[in-house]
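Please look through the sequence and the model before reading on. The paragraphs below take the structure one part at a time.

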Amino acid sequence: MSELPSPEKVNALLRSRSSIFPAMYTDEPISDEIIQDLLENANWAPNHKKTEPWRFKVIRGAARQRLADFLGSTYQRVTPQESFSEQKLKKLSTNPIKADTVIAICMQRDPAESLPEWEELAATAMAVQNLWLTATAYSLGGYWSSPGLIAHLGPFLNLAEGERCLGLFYLAHHRAPEIPRERGDIAAKVEWMTE
Ligand SMILES: Cc1cc2nc3c(=O)[nH]c(=O)nc-3n(C[C@H](O)[C@H](O)[C@H](O)COP(=O)(O)O)c2cc1C
């Protein structure tokens, strides 16, 4: 069996993962090999009934501008005037270009519905965590974006029957400073039952 990282190294990796947003991205390129490694690790997520429901669309190079244009025009088309925001439009139509790569996070529902949908959503989220932790190990920054607009991404992503987009994972090298992470006390979320 290959050598496992020490618990201390695992702790450090898990606790240093964070959401890093496009304002902090640099244009240093990410190699195809690294992207492939992220995807390979995503593929090792646990899943019930071996449905392996995660699907990823890797949007790189010129396809990022196509995504930016699609997000911008879709936002303009579907947003009611009273909730329209110029700032939101600008972000949607520039963020994909700030990232080196955008990975659309998708879930393929088991056609036989042999398990509840939530289990496939959970498995896909675990795949994303694998991808995110691997990105952290490579000192890459990223975050899971889930705007309401993802419901309209079908035509852009060529979604298959039963496939659903759960968000966009923005990924890049970055210059974000290390900031102390914040979490509420785990003790408040745990009940020990010993008898
Ligand atoms: C399923 C999911 C969807 C998310 N969607 C968004 C989003 O639409 N916009 C955003 O700014 N952050 C989004 N996030 C990132 C969270 O805001 C972020 O993970 C949270 O603030 C905790 O920060 P951390 O990732 O640095 O620990 C999402 C995270 C998850 C897990």
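Which residues do ring pairs link into a cluster? The cluster consists of F21, Y143 and Y170. The coordinates come from a predicted model, and what follows should be read with that in mind.

The rings are a convenient way in. Across the whole structure, a search finds 5 aromatic pairs. One of them is formed by W132 and F169, with the ring centres 5.2 Å apart and the planes at 80 degrees, an edge-to-face arrangement. This pair links distant parts of the chain: W132 belongs to helix α5, which covers residues 117-137, while F169 belongs to strand β4, which covers residues 163-172. The two residues are 37 positions apart. W132 counts as buried because its relative accessible area is 10%, under the 20% cut-off. F169 is also buried, since its relative accessible area is 2%.

W132 has a further partner. R17 lies over the face of the W132 ring, 4.4 Å from the ring centre. Both R17 and W132 are also among the residues that surround the ligand, which leads to the binding site.

The ligand is surrounded by R17, S18, S19, F21, W132, Y143, W144, S145, S146, R181 and R183. By type, this shell divides into 4 nonpolar, 4 polar and 3 charged residues. Strand β3, residues 141-145, gives the largest share of the shell, with 3 residues. Two members of the ring cluster, F21 and Y143, appear in the shell as well.

Where does the ligand meet N or O atoms of the protein? In the side chain of R17, an N or O atom is 2.9 Å from an oxygen atom of the ligand. The side chain of R181 also has an N or O atom by a ligand oxygen, here at 2.7 Å. At W144 the backbone takes part: one of its N or O atoms lies 3.0 Å from a nitrogen atom of the ligand. Taken alone, the ligand exposes 620 Å², and the protein buries 54% of that area.

Now step back to the fold. The protein has 6 helices and 4 strands, and along the sequence they follow the pattern α-α-β-α-α-β-α-β-α-β. Taken along the principal axes, the C-alpha atoms fill a box of roughly 60 × 45 × 40 Å. Of the 195 residues in the protein, 37% are buried.

Two loop positions deserve a look for their backbone angles. Most residues other than glycine have a negative phi. S139 has a positive phi, near 60 degrees, and is not a glycine. S139 sits in the loop between α5 and β3, that is, between the helix that holds W132 and the strand that gives the largest share of the ligand shell. Is S139 buried or exposed? S139 counts as exposed because its relative accessibility is 51%, and the cut-off for exposed is over 50%.

N158 is the other position. Its phi is also positive, at about 55 degrees, although N158 is not a glycine. The residue is placed in the loop between α6, residues 154-157, and β4; β4 is the strand that holds F169. N158 is exposed, since its relative accessible area is 62%.

Note on methods. Residues numbered from 1 in each chain as written. Predicted model: local features only at pLDDT ≥ 70, side-chain atom pairs only at ≥ 80, totals over all residues. Heavy atoms only, no water. Near = heavy atom within 4 Å. Polar contact = N/O pair within 3.5 Å; in protein donor to acceptor, adjacent residues only side chain to side chain. Areas by Shrake-Rupley, 256 points an atom, 1.4 Å probe, with all protein chains shown as cover. Nonpolar A, V, L, I, M, F, W, Y, C, P; charged D, E, K, R; others polar. Phe/Tyr/Trp six-rings, centres within 6.5 Å; stacked < 30°, edge-to-face > 60°. Buried < 20%, exposed > 50% of the residue type's maximum accessible area, 1.4 Å probe, protein only. Lys NZ or Arg CZ within 6 Å of the ring centre and 35° of its normal.
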